[in-house]
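Hi everyone, thanks for coming. I'd like to walk you through a structure that may be new to you, so please have a look at it while I talk.

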Amino acid sequence: MSSVLSRLKKKRGYPVDIDGETFHVRSLTIGELQRLDQLAADHKTGFVVGCALCIEANGEQELPSVAGEDDTAWATRVLTELADVPTDTIRALSDGVASIGKTPATLEKIAKN
């Protein structure tokens, strides 16, 4: 793989301020958007937050999937971890992800552009 491709594939976390605390999120990759399109609606929030929530600005996931865990099981586990997080906080994280380069929410929107 070329160094240009390697640099393009680097995941970057971007700061989101929620009530004076800084969290880091990243946008989803095209591959993740393709996987998201295959999930049932009740698993999409868990999948998106699982992909997007970062430990720090380096893009490392806070809630990575574990070996043998499919996307549905992972999304369910992420939602379980988020059970006590207020919905307005989840919305603020989602808004932070959406604001990164104004990334389209679905793969179809990318294809149309």
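**A walk through the model**

Let me begin with one residue: Glu 69 is buried, with a relative accessible area of 19%, because the cut-off for that word is under 20%. Please keep in mind that what you see is a predicted model.

Glu 69 has a partner. Its side chain meets that of Arg 77 in a salt bridge, at 2.8 Å from N to O. Arg 77, for its part, is partly exposed, with a relative accessible area of 26%.

How many salt bridges does a search of the whole structure find? The search gives three. Another of them joins Glu 32 to Arg 26, where the closest N and O atoms are 2.7 Å apart. Are Glu 32 and Arg 26 buried or exposed? Both Glu 32 and Arg 26 are buried.

Then there is the salt bridge between Asp 71 and Arg 35, again with 2.7 Å between the closest N and O atoms. This pair links distant parts of the chain: Asp 71 belongs to helix H4, residues 71-81, while Arg 35 sits in helix H2, residues 30-37, and the two are 36 residues apart. Arg 35 is partly exposed, at 35% relative accessible area.

Now let's step back to the whole chain. You can count six helices and three strands in it. Reading along the sequence, the pattern is α-β-β-α-α-β-α-α-α. The chain has 113 residues, and buried ones make up 29% of them. If we take contacts between residues at least 6 apart in sequence, 56% of those join residues at least 24 apart.

On to the strands. A reminder for anyone new to this: strands of a sheet pair through backbone hydrogen bonds, either parallel or antiparallel. Here the three strands form an open sheet in the order S1-S2-S3, with antiparallel pairing. S1 and S3 are at the edges and each has a single partner strand, so one side of each is left without a neighbour in the sheet. Which helix packs on this sheet? That is helix H5, residues 87-99, which touches S1, S2 and S3, and its direction makes about 150° with that of S1.

Looking at the pairs one by one, S1 (residues 14-18) and S2 (residues 21-25) run antiparallel and are joined by five bridges. Val 16, for example, has Phe 23 in S2 as its bridge partner. These two strands make a hairpin with two residues between them, and in the turn Asp 19 has a positive phi of about 50°. On the other side, S2 pairs with S3, residues 53-54, over two bridges in the antiparallel sense. There, Val 25 is matched with Leu 53 of S3.

Last stop: a pair of helices. Two packed helices are described by the angle between their axes and the distance between the axes. For H3, residues 41-52, and H4, that angle is about 80° and the axes are 8 Å apart. That makes H3 roughly perpendicular to H4. Which residues make the contact? Among them are His 43, Phe 47 and Val 49 from H3, and Trp 74, Ala 75 and Leu 79 from H4. Asp 71, which we met in a salt bridge with Arg 35, also takes part in this contact. By type, the contact residues divide into seven nonpolar, six polar and two charged.

That's my tour, and I'm happy to take questions.

Methods. Residues numbered from 1 in each chain as written. Predicted model: local features only at pLDDT ≥ 70, side-chain atom pairs only at ≥ 80, totals over all residues. Heavy atoms only, no water. Salt bridge = Lys/Arg side-chain N within 4 Å of Asp/Glu carboxyl O. Buried < 20%, exposed > 50% of the residue type's maximum accessible area, 1.4 Å probe, protein only. Helix = DSSP H or I, 4+ residues; strand = E, 2+ residues; numbered from the N terminus. Pairing = 2+ DSSP bridges. Axes fitted to C-alpha atoms, helices over the stretch in contact; angles between N-to-C directions. Parallel < 35°, antiparallel > 145°, perpendicular 65-115°, else oblique. Contact = heavy atoms within 4.5 Å. Nonpolar A, V, L, I, M, F, W, Y, C, P; charged D, E, K, R; others polar.
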